[in-house]
Amino acid sequence: KKSTFGAQVGVSFQAGITPKVSLVSELYFIMKGGALNANNPLTDDKTTLRFYALELPVLARFNMGKFYANAGPSIAYNFYGTRKMEGSTTAVSFNGSSEAFKRLDAGIQVGAGYRFKIKQKSVALDVRYTYGLSNISNDQEMYNRYLNISLHFSKPWKTNPLGIK
């Protein structure tokens with residue numbers, strides 16, 4: 001097995017519970033997948049799988065100055081996928097057949113980050129590991145488990161967006 005790189009783009013909302021603890025909800029588009037060497041459980045050929053998903057983690061965040069730690073569940077919906085074998089790329093199936101994959105994926109995310117400023121903008125370097133709990137294949141044991149390194153650009157609300165005037 002080998003890792004593949006992919007993009008992640010999305011939005012997040014952080015609600016402070018106490019000065020040290022907050023709840024973070026995110027929604028983002030993410031590319032997941034991996035490369036399998038020849039003679040893998042799926043085929044005799046070298047195979048690269050790629051899934052395109054919408055993911056929704058809900059994390060507890062523990063703030064320690066400029067550092068923070070995250071942990072919580074996530075759920076994803078795989079809306080498209082590709083399989084590349086012998087130079088040919090085909091779409092993967094999400095029907096109920098034995099060779100198909102499942103659309104829903106659930107996992108646990110844990111990680112940490114560091115916040116800093118660049119020209120009055122708040123930036124965070126975030127590192128997370130996602131441990132997939134859902135078997136995404138109909139006939140093999142396959143789980144999405146990945147390391148995610150990302151930059152978050154944020155802007156605090158000037159007023160409470162949920163506040164009533």
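A residue counts as buried when its relative accessible area is under 20%, as exposed when that area is over 50%, and as partly exposed in between. With these cut-offs in hand, Glu26 is called buried because its relative accessible area is 3%. The model in which this residue sits is a predicted one, and of its 165 residues 33% count as buried.

The overall plan can be put briefly. The protein holds zero helices and nine strands, so that from the N terminus on its elements run β-β-β-β-β-β-β-β-β. Along its principal axes, the C-alpha trace spans about 60 × 30 × 20 Å.

Glu26 is a good place to enter the interior, since Arg128 forms a salt bridge with Glu26, in which the closest N and O atoms are 2.8 Å apart. This pair links distant parts of the chain, for Arg128 belongs to strand β8 (residues 121-132) and Glu26 to strand β3, with their positions 102 residues apart. Arg128 is also buried, because its relative accessibility is 5%, which falls under the 20% limit. Arg128 has another partner in Asp126, and here too the closest N and O atoms of the salt bridge are 2.8 Å apart; Asp126, like Arg128, is buried. Salt bridges that share partners thus join Glu26, Asp126 and Arg128 into one network.

Strand β3 takes part in a further link of this kind. The side chains of Lys32 and Asp105 meet in a salt bridge with an N to O distance of 3.2 Å, and the pair again links distant parts of the chain, with Lys32 in strand β3 and Asp105 in strand β7, 73 residues apart. Both Lys32 and Asp105 are buried. In total, the count comes to four salt bridges.

Lys32 and Asp105 also lead to the next feature, as both are among the residues that line the largest cavity, together with Glu55, Ser74, Ala76, Ala106, Gly107, Thr130, Asn144 and Tyr146. The structure holds one cavity of 30 Å³ or more, and about 40 Å³ of space lies in the largest cavity. Strands β5 (67-85) and β7 (104-118) each supply at least two residues of this lining, and β7 gives the most, with three. By character, the lining residues divide into three nonpolar, four polar and three charged.

From the interior the view can move to the surface. There, Val11, Ile17, Leu23, Leu27, Leu54, Leu56, Val58, Ile75, Tyr77, Phe79, Tyr80 and Leu104 make a nonpolar patch of about 1100 Å². Strands β3 (21-36), β4 (47-64) and β5 each supply at least two of the patch residues, while β5 gives the most, with four. One of the patch residues, Ile75, lies in strand β5 and counts as partly exposed because its relative accessibility is 43%, a value in between the limits of 20% and 50%.

Two loops complete the tour. In the loop between β3 and β4 lies Asn37, which is partly exposed, with a relative accessible area of 40%; Asn37 and Thr48 are eleven residues apart in sequence and 8.7 Å apart in space, C-alpha to C-alpha. In the loop between β5 and β6 (88-91), the residue to look at is Glu86, which has a positive phi of about 50 degrees although it is not a glycine. Glu86 counts as exposed because its relative accessible area is 63%, which is over the 50% limit.

Key:
Residues numbered from 1 in each chain as written. Predicted model: local features only at pLDDT ≥ 70, side-chain atom pairs only at ≥ 80, totals over all residues. Heavy atoms only, no water. 1 Å grid on protein atoms, 1.4 Å probe; cavity = no way out; pocket = protein on both sides within 12 Å on 5 of 7 lines; lining within 4 Å. Points joined across faces, edges and corners; volume = space filled by probe spheres on them. Nonpolar A, V, L, I, M, F, W, Y, C, P; charged D, E, K, R; others polar. Patch = residues over 30% accessible without salt bridge, like charges linked within 9 Å, V, L, I, M, F, W, Y side chains within 5 Å. Areas by Shrake-Rupley, 256 points an atom, 1.4 Å probe, with all protein chains shown as cover. Buried < 20%, exposed > 50% of the residue type's maximum accessible area, 1.4 Å probe, protein only.
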